[in-house]
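Colleague: I should like to learn how the features of a helical model are read from its atoms. Might we proceed feature by feature?

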Amino acid sequence: HYKDSRQVLDKIRDDALEEISKALRTAPPDIIIENPEPVLTAVSAFIGKDRSYYRMLVSVIGVGGLLKEIRGIITEYLGQAECVRNAEDRATTACRLDFIIAGISVFYYDVVTGASPISLEAAPSFLSGIIKTIVRN
């Protein structure tokens, strides 16, 4: 029922972005910033269901646009956190948040493509530790 392969890819991309959105909505933004590991575990589980499928997806549709969309979804949701909205230095807080989100996005891309020495299973704990360090400082 799709006109061409582009429509199929768009549907796959939209489904993947929806799964990421669902994972985010499992907890309020402030809770995710304090403890991102449960959400990262959900993202890893989602990718782990068919890693080769997502590897193919990013190779076909291109990584730039996809990462930009993922970053936008995460930034919009986490930007609602009180600790972000009420920060004294909003510019610095926004930059730190963007740095974290960009790092997570690229990290998962590297995991999916096999370029990361960290496994998909170890990613949530590994990333959570880094995020907590950045947030605390």
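**Aromatic pairs**

Modeller: Both Phe-107 and Tyr-108 are buried. The model is a predicted one, and the aromatic rings offer a convenient place to begin.

Colleague: How many aromatic pairs does the structure hold?

Modeller: The structure holds four aromatic pairs. In the pair of Phe-107 and Tyr-108, the ring centres are 6.1 Å apart and the planes meet at 85°, so the pair is edge-to-face.

Colleague: How are the rings of Phe-107 and Phe-126 arranged, stacked or edge-to-face?

Modeller: Planes under 30 degrees apart count as stacked. For Phe-107 and Phe-126 the planes lie at 25° and the centres 5.7 Å apart, so this pair is stacked. Phe-107 belongs to helix α7 (residues 90–113) and Phe-126 to helix α8, so the pair ties together parts that are 19 residues apart in sequence. Phe-107 has a relative accessible area of 13% and is therefore buried, whereas Phe-126, at 36%, counts as partly exposed.

Colleague: Which residues do ring pairs link into a cluster?

Modeller: Phe-46, Tyr-53 and Tyr-54 are linked into a cluster by ring pairs.

**Helix α1**

Colleague: Why does the length of helix α1 agree with what is expected?

Modeller: The expected span is 1.5 Å times one less than the number of residues. Helix α1 has 20 residues (residues 5–24), so it should span 28 Å; the C-alpha atoms at its ends are 29 Å apart, which agrees.

Colleague: Which residue caps the N-terminal end of α1?

Modeller: Asp-4 does so: one of its side-chain oxygens lies 3.0 Å from the backbone nitrogen of Gln-7.

Colleague: And which residues of α1 are buried?

Modeller: The general idea comes from helix geometry. An α-helix has 3.6 residues a turn, so residues three or four places apart point the same way. In α1 the buried residues are Leu-9, Ile-12, Arg-13, Ala-16, Leu-17, Ile-20, Ser-21, Ala-23 and Leu-24.

**Salt bridges**

Colleague: Arg-13 appears among the buried residues. With which residue does Arg-13 form a salt bridge?

Modeller: A salt bridge requires a side-chain nitrogen of Lys or Arg within 4 Å of a carboxyl oxygen of Asp or Glu. Arg-13 forms one with Asp-10, and their closest N and O atoms are 3.2 Å apart. Both residues lie in helix α1, three residues apart, about one turn of the helix. Arg-13 is buried because its relative accessible area is 17%, while Asp-10, at 23%, counts as partly exposed.

Colleague: How many salt bridges are there by this rule, and which parts of the chain does the pair of Glu-121 and Arg-51 tie together?

Modeller: The count comes to eight salt bridges. The side chains of Glu-121 and Arg-51 meet at 3.6 Å, N to O. Glu-121 lies in the loop between α7 and α8, and Arg-51 in helix α4 (residues 51–61), so the pair ties together parts that are 70 residues apart in sequence. Glu-121 counts as exposed at 62% relative accessibility, and Arg-51, at 25%, is partly exposed.

Colleague: What is the N to O distance in the salt bridge of Arg-71 and Asp-98?

Modeller: The distance is 2.7 Å. This pair links distant parts of the chain, with Arg-71 in helix α5 (residues 63–78) and Asp-98 in helix α7, 27 residues apart. Arg-71 has a relative accessible area of 30% and is partly exposed; Asp-98, at 33%, also counts as partly exposed. Elsewhere, salt bridges that share partners join Asp-10, Arg-13, Asp-14 and Glu-69 into one network.

**Two single residues**

Colleague: Where does Ser-116 lie, and which backbone nitrogen does its side chain reach?

Modeller: Ser-116 is in the loop between α7 and α8. Its side chain reaches the backbone nitrogen of Ile-118 at 3.0 Å. Ser-116 is buried, with a relative accessible area of 16%. Not counting residues up to four places away in sequence, Ser-116 touches Phe-107, Asp-110 and Val-111.

Colleague: Which residues is Lys-132 in contact with, leaving aside its neighbours within four places in sequence?

Modeller: Lys-132, which has its place in helix α8 (residues 123–136), is in contact with Glu-34, Asn-35 and Pro-36. Lys-132 and Asn-35 are 97 residues apart in sequence, yet their C-alpha atoms are 7.5 Å apart in space. The relative accessible area of Lys-132 is 24%, so the residue is partly exposed.

How values were computed:
Residues numbered from 1 in each chain as written. Predicted model: local features only at pLDDT ≥ 70, side-chain atom pairs only at ≥ 80, totals over all residues. Heavy atoms only, no water. Helix = DSSP H or I, 4+ residues; strand = E, 2+ residues; numbered from the N terminus. Buried < 20%, exposed > 50% of the residue type's maximum accessible area, 1.4 Å probe, protein only. Polar contact = N/O pair within 3.5 Å; in protein donor to acceptor, adjacent residues only side chain to side chain. Contact = heavy atoms within 4.5 Å. Phe/Tyr/Trp six-rings, centres within 6.5 Å; stacked < 30°, edge-to-face > 60°.
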